[in-house]
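Could you walk me through this model in my viewer, one selection at a time? I would like to know what to click on next and what I will find there.

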Amino acid sequence: MPQGPQTLDALAVRTWCGLALEALGRAREEIDAINVYPVADGDTGTNLYLTVESAAAAVEAVFAGHAMADGPRPPSLADAVRAMAHGALIGARGNSGTILAQLLRGMAQVLAEEGEPPHADGPGLCLALSRAAESARRAVAHPVEGTVLSVASAAAEAASGAAGDCAAVARAAHEGARTALAATTGQLAVLERAGVVDAGGRGLVTLLGALLQTFTGEAPAPATGGGARHPYTSAAAEVPAGACGPAEPGGPHGPGEAGSGGCAEEDAAETGPAFEVIYLLEASDTAVDRLRERLDGLGDSLVVVGGDGLWNVHVHVDDAGAAVEAGVEAGRPHRIRITHFGLGDVHAGGAGRPPRERAQRAVVAVVPGEGLAGLCAEAGATTVLARPGEPPASGEIVQAVRRAHAHEVVLLPNDAELRHTAAAAAEQARAEGVRVALIPTRSAVQGIAALAVHEPERRFDEDVVAMTSAAGATRYAEVALAERQSWTMAGICQAGDVLGLIDGDVAVIGTDLTTTAETVLDRMLAAGGEMVTLVLGDETPDAVAARLEARVREAYLAVDTVVYRGGRQGSLLLIGVE
């Protein structure tokens, strides 16, 4: 095959991202399959793939932008590596993806320094790998050896002893990582019991193999397990350097994907936090230092990566609301994802214990605010957060289905505009062997109604019919502010007007939030109703809910009202009438 470039420039970064994505696509299932601890939810390979996918997309966007502005001239190395690191940061998934984002950020800090040449040579790449390993280790609250952190450090150390161009450095780093990966089995008891290597480390070996291929034009030999034993369970001595990977043992950080990078000795714990909480955070360095201390006291598997005002926060806790609230106190959290691990499967990693079995049935719900995300998660659902202007991609919904780890899944999109995205996710999940029923919920209040009647003990079809009926019997409305002058079914609105939308159409235009909400509620209850659900946005005063509750008591006998705080949900108020 033709020789690749001998220096690292923007085109080489683009090539590396593409090759890494292809390699992880081939290895994803095998890495997922060895996720032995602490929650055997089989998603390490998937998380790494999604993280690199986001990094690669960011690099492609930079190239497309330069093509439009500067014709054939490619972007600079600094532009490319910054885009790669930023894309990984905002798209990071799970322990392994979060640590990978910091590894790429560490490299970018060296390669994009002011005054650096338009390409990096061997010594420059060596320095970047060293900074990457150091910054990733600092990002983990309680680093542990035998995880991806050990593999990254070994790769950097091996690279430091290499002389020559980028190909020589990449080859040394790859070989050092393979050797360190094989050793992880003996470094953590949980890996040794399972006879596997660390899954996060296995993913890093794959990425370094793609880096080597970028410079040499030849792909490294694929990882294989030894002898007749299954490659994922071969003993350490039988795992060739670079052999099939690990278990994302919670090596790194306790619950979540096993083995991504470092936390207290995991196999000592028999039980652990019930929720995984991940969010992007806009905050100052000082605020993030305080946040680390706060979250470290709430749970484990804490990893905080990023900088320059934007961070990715990952932690496992029992109180998901407290973890989100800590983020609110530190700055502005968004893209919040809360996953409920499920009873009995968190930190379930005692000696000789098999990976957790799939649940029979689960619910996956897309929700518009962190308050509702916590509410649904506490009800047992796996949630995907949809922020205003940031709808989830089908891949995020598919990942949530995988994390639900069930034979049967009921999917609640809770937004009419997500119907195609949810349908695509459902099709992909079905192709992976999961029985999926998509209930076309158009609002979060319909999703709440459906979740309220969910009974996993029922036959699947009966449960889906009951949930669909509950959602369909719930009229939905929202109260929001008009962003600009516009024609509506209720007339012309001006920017700043209060709009009342019923079943998706503007029905009321007003100037006062409470008065408009009352009018909307009266119109909805004119056709009857037994239950009113109010979901308040983070900027909506409690007095609005109090007034609406009083209105229901005064004018509509035998109608109950329930109030929730939805958080940053985009709308001032959501209303449901069952």
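Which residue in strand 16 does Leu 534 stand opposite? Select Leu 534 and look across to strand 16: the residue facing it is Ile 575. Before going further, keep in mind that this is a predicted model.

**Stop 1: the six-stranded sheet**

Stay with those two residues and widen the selection to their strands. Strand 14 (residues 531-537) and strand 16 (residues 573-577) run antiparallel to each other and are paired over five bridges. Strands pair like this through backbone hydrogen bonds, in either a parallel or an antiparallel arrangement.

Now bring up the rest of the sheet. It is an open sheet of six strands in the order 13-12-9-16-14-15, and its pairing is mixed. Strand 13 and strand 15 (560-567) are the edges; each has a single partner strand, so one side of each has no neighbour in the sheet. On average, and ignoring direction, neighbouring strands here are turned by 20° against each other. Add helix 12 to the view: this helix packs on the sheet, where it touches strand 14 and strand 15, and its direction makes about 115° with that of strand 15.

**Stop 2: a hairpin at one end of the strand order**

Select strand 12 (residues 498-502) together with strand 13 (residues 505-510). These two pair in the antiparallel sense, with five bridges between them. To find your place, pick Gly 500, whose bridge partner in strand 13 is Val 508. Then go to the turn: two residues lie between the strands of this hairpin, and Asp 503 takes a positive phi near 55°.

**Stop 3: the four-stranded sheet**

Next, display strands 5 to 8. They form an open sheet with the order 6-5-7-8 and parallel pairing. At its edges are strand 6 (382-385) and strand 8 (435-438), each of which pairs on one side only. From one strand to the next, the twist averages 20°.

In this sheet, highlight strand 5 (residues 359-367) and strand 7 (residues 406-412), which are parallel and share six bridges. Arg 361 makes a good landmark, with Glu 408 as its bridge partner in strand 7. Helix 12 (residues 370-378), which you met at the first stop, also lies across strand 5 and strand 6, running at about 170° to strand 6.

**Stop 4: salt bridges**

Switch on the charged side chains. The whole structure contains 26 salt bridges, and a few are worth a click.

- Start with Arg 93 and Glu 396, whose side chains meet in a salt bridge with an N to O distance of 3.4 Å. Arg 93 sits in the loop between helix 3 (77-91) and helix 4 (94-111), while Glu 396 belongs to helix 13 (residues 394-404), so this pair ties together parts 303 residues apart in sequence. Both Arg 93 and Glu 396 are buried.
- Move to Asp 308 and Arg 105, another salt bridge, at 3.2 Å from N to O. Asp 308 is in the loop between strand 2 (299-307) and strand 3 (310-317) and Arg 105 is in helix 4, so parts 203 residues apart in sequence are tied together. Asp 308 is exposed, at 74% relative accessible area, whereas Arg 105 counts as buried at 18%.
- Then pick Arg 547 and Glu 518, where the closest N and O atoms are 3.3 Å apart in a salt bridge. This pair links helix 18 (residues 542-555), which holds Arg 547, with helix 17 (residues 513-525), which holds Glu 518, across 29 residues. Arg 547 is partly exposed, with 30% relative accessible area, and Glu 518 is buried at 16%.

Finally, select Arg 361, Glu 408, Arg 435, Arg 458, Arg 459, Asp 461, Glu 462 and Asp 463, which are joined into one network by salt bridges that share partners.

**Stop 5: helices**

How many of the 18 residues of helix 4 are buried? The count is 17, so helix 4 is largely enclosed by the rest of the structure. From first C-alpha to last, helix 4 reaches 26 Å, close to the 26 Å expected.

For the last view, show helix 1 (residues 10-33) with helix 9 (residues 199-216). Their axes come within 8 Å and cross at roughly 140°, and the crossing is right-handed. Turn on side chains to see the contact: among the residues making it are Trp 16, Leu 19 and Leu 24 of helix 1, and Arg 202, Leu 207 and Leu 211 of helix 9.

Technical notes: Residues are numbered from 1 along each chain as its sequence is written. This is a predicted model: local features need pLDDT of at least 70, side-chain atom pairs count only at pLDDT 80 or more; totals for chains, interfaces and linings use all residues. Side-chain values use heavy atoms; hydrogens and water are left out. Two strands pair if DSSP finds at least two bridges between them. Axes are lines fitted to C-alpha atoms, for helices over the stretch in contact, and angles run from 0 to 180 degrees between N-to-C directions. Contact means heavy atoms within 4.5 Å. A salt bridge is a side-chain nitrogen of Lys or Arg within 4 Å of a carboxyl oxygen of Asp or Glu. Buried means under 20% relative accessible area, exposed over 50%, partly exposed in between (1.4 Å probe, protein chains only). The expected span of a helix is 1.5 Å times one less than its number of residues. A crossing is left-handed if the near helix is turned anticlockwise from the far one by less than a right angle, and right-handed if clockwise.
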